[in-house]
Amino acid sequence: FFFLMIRRPPRSTHCISSAASDVYKRQPYIHIWNSNTCLPIASFRGHLEKGIKSLAFSPNGEYLAAVDISPYHSLAVYDLSNKELLFISKTDPLLILQVVFKSDEELVTIGVMQFISWRITSAGLNSKSGIFKGLNKVLGCIAVDSDLILTGNAIGEIYQWNGNIVVASKKVHNGAIDCLTIAEDLYLLP
């Protein structure tokens, strides 16, 4: 078995795990449970393939986004209140490393050669590719706090984004940046 766990969303008791008995041949399970009572809330299976690469709750805890490890790294968005799949979309054959919610209706996927902004609408998922302005496109991590979006890349730079456009960059490390967090009252880029 393979397990992937992430922290619960703000103001919620939901926790999540993903499990697959044969990561490369079967459809993975996604289980959500109440961390106080340990009772299950929802389970999903059958929409994603081969395994789960990344999971994220929306800030209000109503939605769950998941990216699989299939050849086109499908992105699924689930409605936790109704326990159903809202949307699923193929993303890109290049590796996606992380999915995060920017708001309750907006999320971002990042990875090798990509930054994609997604918007949940009544008609489905709308996407916009990132504009790197000639900068390194191998992103390893992302941190989001309201309108502040930062990504780390393979050559030690942090990018600040406005929507889907890099607006500032700063070299902060000699190696790859694969983990970021945004601390209160901390602003990194000019």
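User: How many of the eight residues of β11 are buried?
Analyst: This is a predicted model, in which local features need pLDDT of at least 70 and side-chain atom pairs count only at pLDDT 80 or more, while totals for chains, interfaces and linings use all residues. Residues are numbered from 1 along each chain as its sequence is written, and side-chain values use heavy atoms, with hydrogens and water left out. Strands are DSSP runs (E, at least two residues) numbered from the N terminus, and buried means under 20% relative accessible area, exposed over 50%, partly exposed in between (1.4 Å probe, protein chains only). Strand β11 is mostly covered, and the number of its buried residues is six.

User: Which strands are the edge strands of the open sheet that contains β11?
Analyst: Two strands pair if DSSP finds at least two bridges between them. The open sheet has four strands in the order β9-β10-β11-β12, with antiparallel pairing. Each edge strand pairs on one side only, and the two are β9 (96-101) and β12.

User: By what average angle are neighbouring strands of this sheet turned against each other?
Analyst: Axes are lines fitted to C-alpha atoms, for helices over the stretch in contact, and angles run from 0 to 180 degrees between N-to-C directions. For this sheet the direction is ignored, and the average between neighbouring strands is 25°.

User: Which residue of β11 is the bridge partner of Thr109?
Analyst: Strand β10 (residues 106-111) runs antiparallel to β11 and is joined to it by six bridges. The two strands form a hairpin with two residues between them, and Met113 in the turn has a positive phi of about 65°. In β11, the partner of Thr109 is Ile116.

User: Which residue of β12 is the bridge partner of Trp118?
Analyst: Strand β11 (residues 114-121) pairs with β12 in the antiparallel sense over six bridges. These strands also form a hairpin with two residues between them. Arg119 stands opposite Asn126 in β12, and the bridge partner of Trp118 is Ser127.

User: Why is the pair of Phe132 and Tyr159 classed as it is?
Analyst: Rings of Phe, Tyr and Trp (its six-membered ring) pair if their centres lie within 6.5 Å; planes under 30 degrees apart count as stacked, over 60 as edge-to-face and the rest as tilted. By this rule the count comes to five aromatic pairs. The rings of Phe132 and Tyr159 have centres 6.5 Å apart and planes at 75°, so the class is edge-to-face.

User: How many residues apart are Phe132 and Tyr159?
Analyst: Phe132 is buried at 5% relative accessibility, and Tyr159 is buried at 0%. Phe132 lies in the loop between β12 (124-129) and β13 (139-145), while Tyr159 lies in strand β15 (residues 157-162). The pair links distant parts of the chain, and the separation in residues is 27.

User: Which residues form one aromatic cluster with Tyr159?
Analyst: The rings of Tyr159 and Trp161 have centres 6.5 Å apart and planes at 70°, so this pair is edge-to-face. Trp161 is buried, with a relative accessible area of 2%. The partners of Tyr159 in the cluster are Phe115, Phe132 and Trp161.

User: Why do Cys141 and Cys179 form no bond, and how many disulfides are counted?
Analyst: A disulfide is a pair of cysteine sulfur atoms within 2.5 Å. Cys141 is buried at 2% relative accessible area, whereas Cys179 is exposed at 62%. The sulfur of Cys141 has its closest cysteine sulfur in Cys179, at 6.4 Å, which is too far for a bond. By this rule the number of disulfides is zero.
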